[in-house]
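Open your viewer, switch to a cartoon view and keep the selection panel handy. We will go from stop to stop, and at each one you will pick something and look around.

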Amino acid sequence: MDNGESSYRRFLDGDESAFGELLDMYSENLIFFINRYVGNVAIAQELSEDVFVDLIIYKKRYNFKSSLKTYVFAIARNKAVSYVRRCARKPEYAYEYIEEESDRRSIEDEFLKKEQERALHAALERLNEDYKTVLHLIYFEDMSNEDAAKVMNKSKKQIENLLYRAKQALKNELESEVMLP
C-alpha cells in the first residue's frame, strides 16, 4: 500500500483529480486527529484544509523518503500545536499564523496542560450526576458549600460528604487512566 504516494505523484505530474483522491483518503482522519489537539471541530477542519494547501503550495518539500501519510500527519500536528500555542498566548487572535520556534518547550507544556484538562473532563463525565454537580458547583462555579447545598437541595453536611466522595471517585478515575503518579 502506497498511502497516497502514487496519487500525489500523479498530482505533481499534472493530474488534478489525483488531489481529490488524497482529500478523500486523508481529510476525515486529519480532522479527527487535529481535533484531539484543538478541541474544536471547526478549527480542526480549517487546519486540515491548511495541510492540503501546504501540499499544493510546497510541492517540492515532500521527498518520498517517508510515507505521504506520515508527512501529512506531521504537517497536521505542527499546525495543531502552533494553533494551541497561539491560543494560549493570544486568545483573541486564535487563528493568526505566526511561526515562532523559540518557544518549543512552552508549546509542549501547554499541550500537556490541555491533555490533562481533557483527561480531567473525561473523568468527570464518567462520574454520577451528583458527584459531577457538586464538583462543578464548588470548583468551577466557586460556590461555597452552603450555596451548593441550596442549589442541590441538600444539607451542608450532605454536601461535605458528597464532595469528599466525589473527589475520591474522581481521583480513582484519574488513577485508572495513569494520569496521576
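**Stop 1: a loop residue.** Begin by selecting Asn153, which sits in the loop between α7 (145-152) and α8 (156-176). Keep in mind as you look that this is a predicted model. Is Asn153 buried or exposed? With 70% relative accessibility, over the 50% cut-off, Asn153 counts as exposed. Its backbone is worth a glance too: the phi of Asn153 is near 60°, a positive value in a residue that is not glycine. For background, most residues other than glycine have a negative phi.

**Stop 2: the whole chain.** Now zoom out and colour by secondary structure. You should find 8 helices and 0 strands, so that the pattern along the sequence reads α-α-α-α-α-α-α-α. The chain has 181 residues, and buried ones make up 34% of them. Taking contacts between residues at least 6 apart in sequence, 54% join residues at least 24 apart.

**Stop 3: the largest core.** Next, select Leu30, Val38, Leu55 and Leu68 and show their side chains. These are the residues with the most contacts inside the largest nonpolar core, which has 29 residues. Four helices each supply at least two residues of this core: α1 (5-12), α2 (16-38), α3 (41-57) and α4 (68-89). Which helix gives the largest share? That is α4, with 11 residues. Apart from this core lies another one of 18 residues, and you can pick out Tyr131, Leu135, Ala148 and Leu162 among them. As a general note, nonpolar side chains in soluble globular proteins tend to be buried together.

Return to Leu30 and display its surroundings. Beyond its neighbours within four places in sequence, Leu30 is in contact with Ser48, Val51, Phe52, Val72, Phe73 and Ala76.

**Stop 4: where α2 meets α4.** Hide everything but these two helices. The axes of α2 and α4 come within 10 Å and cross at roughly 35°, and the crossing is right-handed. On the α2 side, select Leu22, Tyr26, Asn29, Leu30, Phe33, Ile34, Tyr37 and Val38. Their partners in α4 include Leu68, Lys69, Val72, Phe73, Ala76 and Arg77, along with Ala80, Val81, Tyr83 and Val84. Colour this contact by class and you will see 15 nonpolar, 1 polar and 2 charged residues.

**Stop 5: the aromatic rings.** Bring the other helices back and show the aromatic side chains. The count comes to 7 aromatic pairs. For one of them, select Phe19 and Phe52. Why is this pair called edge-to-face? The ring centres of Phe19 and Phe52 are 6.0 Å apart and the planes stand at 85°, which is over 60°, so the pair is edge-to-face. Phe19 lies in helix α2 and Phe52 in helix α3, so to speak a bridge between distant parts of the chain, 33 residues apart. Both Phe19 and Phe52 are buried. Now add Tyr8, Phe11, Tyr62 and Tyr71 to your selection: together with Phe19 and Phe52 they form one aromatic cluster.

**Stop 6: Leu47.** Finish in helix α3, where you will find Leu47. Leu47 counts as buried because its relative accessibility is 0%. Draw a distance from its C-alpha to that of Arg77: the two are 9.7 Å apart in space and 30 residues apart in sequence.

Definitions and conventions. Residues are numbered from 1 along each chain as its sequence is written. This is a predicted model: local features need pLDDT of at least 70, side-chain atom pairs count only at pLDDT 80 or more; totals for chains, interfaces and linings use all residues. Side-chain values use heavy atoms; hydrogens and water are left out. A nonpolar core is a set of buried Ala, Val, Leu, Ile, Met, Phe, Trp, Tyr and Cys residues joined through side-chain atoms within 4.5 Å. Buried means under 20% relative accessible area, exposed over 50%, partly exposed in between (1.4 Å probe, protein chains only). Contact means heavy atoms within 4.5 Å. Axes are lines fitted to C-alpha atoms, for helices over the stretch in contact, and angles run from 0 to 180 degrees between N-to-C directions. A crossing is left-handed if the near helix is turned anticlockwise from the far one by less than a right angle, and right-handed if clockwise. Ala, Val, Leu, Ile, Met, Phe, Trp, Tyr, Cys and Pro count as nonpolar, Asp, Glu, Lys and Arg as charged, and the others, Gly among them, as polar. Rings of Phe, Tyr and Trp (its six-membered ring) pair if their centres lie within 6.5 Å; planes under 30 degrees apart count as stacked, over 60 as edge-to-face and the rest as tilted.
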